[in-house]
Every structure is written in structure tokens, then in C-alpha cells.
Amino acid sequence: MSKTVTAPLVCEICKKPKSPQSGTVAELIRPSLFEFIKKKFPDLDGKAFICLDDLGKFRKDYIKEVLEDEIGELSALDQEVIESLEQHEILSKRS
């Protein structure tokens, strides 16, 4: 059985080469999150590759912004949710 080797893709956010399995194409990202990312990277198009590390950071920032917009400031519970997301991100990097 032969194993196919795929060339690394370059993440459009961090500009680092990543395996295709460690990211996604921008057009597959939830539209509201994609628009949030485009605020910081206006030239990003739907064909851009984004690594999971950067995507996780954007998700966390997006959730934080949505919560802040909804209630004006983060409650203690909201802050716990953000910290939990950060902890999950750290744990997933270890595995």
C-alpha cells in the first residue's frame, strides 16, 4: 500500500506552511466568522487556506466581540467561556 504525500499549504494568516489536514479553505468557514476575519485581512478570498491554529484564535475573538456587542461588557460567565476556549486551544495543540 503506498501513501500519497501531499505538499504543504501556506496559511494566508500566519504565512507558515501547514499540512492540508491542519487547516481549511476560507469558503468553508461560517460566513459571519469569515466576514470577521476579512475585517483584519480584507484581501482574503474564499480560496485562501487558513490553519486551524489561526482559525481557533479568530473564533475566540469573534465570540468575545459578539458577546461584548450583545451585553456591552463580559460577565464572569462569559469570561469563563472565553478562558475555556483558550484552554481547549492549548490542549488541542498538545495532542
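**Aromatic pairs around Phe36**

Under the ring-pairing rule, in which centres must lie within 6.5 Å, the count for this structure comes to three aromatic pairs, and I should say at once that what we are looking at is a predicted model.

Let me begin with Phe36 and Phe58, whose ring centres are 6.5 Å apart and whose planes stand at 80 degrees, so the pair is edge-to-face, given that angles over 60 degrees are put in that class. Phe36 belongs to helix α1, residues 31-40, while Phe58 belongs to helix α2, residues 52-71, so this pair ties together parts that are 22 residues apart in sequence.

As for accessibility, Phe36 has a relative value of 5% and therefore counts as buried, and Phe58, at 7%, counts as buried as well, the limit for that word being under 20%.

Phe36 also forms an aromatic pair with Tyr62, again edge-to-face, with 5.5 Å from centre to centre and 65 degrees between the planes. Here too the pair links distant parts of the chain, since Phe36 sits in helix α1 and Tyr62 in helix α2, 26 residues apart. Is Tyr62 buried or partly exposed? At 22% relative accessibility, Tyr62 counts as partly exposed, because the buried class requires a value under 20%.

Finally, if we put the rings together, the ring pairs link Phe36, Phe41, Phe58 and Tyr62 into a cluster.

Technical notes
Residues are numbered from 1 along each chain as its sequence is written. This is a predicted model: local features need pLDDT of at least 70, side-chain atom pairs count only at pLDDT 80 or more; totals for chains, interfaces and linings use all residues. Side-chain values use heavy atoms; hydrogens and water are left out. Rings of Phe, Tyr and Trp (its six-membered ring) pair if their centres lie within 6.5 Å; planes under 30 degrees apart count as stacked, over 60 as edge-to-face and the rest as tilted. Helices (H or I, at least four residues) and strands (E, at least two) are DSSP runs, numbered from the N terminus. Buried means under 20% relative accessible area, exposed over 50%, partly exposed in between (1.4 Å probe, protein chains only).
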